[in-house]
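Subject: Structure handover

Hello,

Here is the structure for you to look over. Please open it alongside the sequence, then read the notes underneath.

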Amino acid sequence: KDSFTYGDDNQSLQLVSLPVGKSFAMLILLPKQPKDMAAVMNQIETDAQGCINYWLGMLLNPSVGVLEMPKLKIENVATNINNSLQEMGVESIFQTGGLDKISPGARIDSVLHKVSVHWDEGAADKIRYPEEDV
């Protein structure tokens with residue numbers, strides 16, 4: 001048995017926060033009915049940060065219990081994140097000469113981001129982050 005944090009909105013959603021490493025947690029959402037998933041996804045697309053803040057506010061004191069999760073594999077298609085980087089101020093690397101210190105005239109055309117999550121028994125114990133090795 002492990003300790004985890006659980007929340008319930010008393011309407012359509014339950015969630016659990018599982019520790020992953022020393023500094024991170026994975027938030028797992030479970031709609032109470034299959035039809036509730038579309039509403040949850042719509043809320044995330046409309047206001048992701050607001051949803052996260054609301055869900056974190058739902059979490060209660062740590063509970064002790066048994067939580068069983070199926071094996072899980074999620075992969076997304078590589079997504080171009082040029083616009084996101086530029087909105088954060090990373091602009092010069094996309095301009096000719098932006099990487100002159102590396103190679104004269106060099107620049108980056110596009111940055112692709114791909115996420116892959118593979119979860120099985122004991123997966124949380126296998127994840128390592130650089131600050132944990134210090």
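Below is what was found, going from the whole chain down to single residues.

**Overall**

Please keep in mind that this is a predicted model. Mean pLDDT for the protein is 81. Of its residues, 83% reach 70 or more. Confidence is highest in helix α3 (residues 82-87), at a mean of 93. Confidence is lowest in helix α4 (residues 123-126), where the mean is 58. Treat α4 with that value in mind.

The protein has 134 residues, and 20% of them count as buried. There are 4 helices and 8 strands. Their order along the sequence is β-β-β-α-α-β-β-β-α-β-β-α. Take the contacts between residues at least 6 apart in sequence: 55% of these join residues at least 24 apart.

**The core**

Which residues make up the largest nonpolar core? There are 7: L13, L15, V40, C51, W55, M58 and L59. Two elements, β2 (13-20) and α2 (48-58), give two or more residues each. The most come from α2, with 3 residues.

Now look at α2 by itself. Its buried residues are C51, W55 and M58. Viewed down the helix axis, these buried residues fall within an arc of 50°, so they line one face of α2. The general rule is worth recalling here: an α-helix has 3.6 residues a turn, so residues three or four places apart point the same way.

W55 is a good place to centre the view. Setting aside residues up to four places away in sequence, W55 touches L13, L15, L27, L29, V40 and I44. Three of the core residues are among them: L13, L15 and V40.

I52 also lies in helix α2. Is I52 buried or exposed? Neither: I52 counts as partly exposed, because its relative accessibility is 36%, and the partly exposed class runs between 20% and 50%. The C-alpha atoms of I52 and L27 are 9.2 Å apart, with their positions 25 residues apart along the chain.

**Two residues in β2**

S17 is in strand β2. S17 is buried, because its relative accessible area is 14% and the cut-off is under 20%. Beyond its neighbours within four places in sequence, S17 is in contact with F4, T5, A25, M26, L27 and L59. One of these, L59, belongs to the largest nonpolar core.

Q14 is found in β2 as well. Its relative accessibility is 24%, so Q14 counts as partly exposed. Leaving out neighbours within four places in sequence, Q14 contacts Y6, G7, D8, I28, L29, L30 and K32. Q14 and L59 are 45 residues apart along the chain, and their C-alpha atoms are separated by 9.6 Å.

**A pocket**

Next, the second largest pocket. It holds about 480 Å³ of space. What lines the second largest pocket? The lining residues are A25, M26, L27, I28, E68, M69, P70, L72, I74, V115 and V117. β3 (24-31) and β5 (72-75) each supply at least two of them. The largest share, 4 residues, comes from β3.

L72, one of the lining residues, lies in strand β5. L72 counts as partly exposed, at 34% relative accessibility. Its contacts, leaving aside neighbours within four places in sequence, are V117, H118 and W119. V117 is also part of the pocket lining. L72 and D120 are 48 residues apart in sequence, but 6.5 Å apart in space, C-alpha to C-alpha.

**A loop residue**

Last, T96. Where does T96 sit? T96 is in the loop between α3 and β7 (112-113). At 62% relative accessibility, T96 counts as exposed, because the cut-off for that class is over 50%. T96 touches G105, A106 and R107, not counting residues up to four places away in sequence. T96 and D109 are 13 residues apart in sequence, and 9.6 Å apart in space from C-alpha to C-alpha.

Best wishes

Terms used: Residues are numbered from 1 along each chain as its sequence is written. This is a predicted model: local features need pLDDT of at least 70, side-chain atom pairs count only at pLDDT 80 or more; totals for chains, interfaces and linings use all residues. Side-chain values use heavy atoms; hydrogens and water are left out. A nonpolar core is a set of buried Ala, Val, Leu, Ile, Met, Phe, Trp, Tyr and Cys residues joined through side-chain atoms within 4.5 Å. Buried means under 20% relative accessible area, exposed over 50%, partly exposed in between (1.4 Å probe, protein chains only). Contact means heavy atoms within 4.5 Å. pLDDT is the predictor's confidence in each residue, from 0 to 100. The arc is that of the directions from the helix axis to the C-beta atoms. On a 1 Å grid over the protein atoms alone, a cavity is a set of points where a 1.4 Å probe fits but cannot get out, and a pocket is an open set with protein on both sides within 12 Å along at least five of seven lines; lining residues have an atom within 4 Å of a point. Grid points are joined across faces, edges and corners, and a volume is the space filled by probe spheres set on the points.
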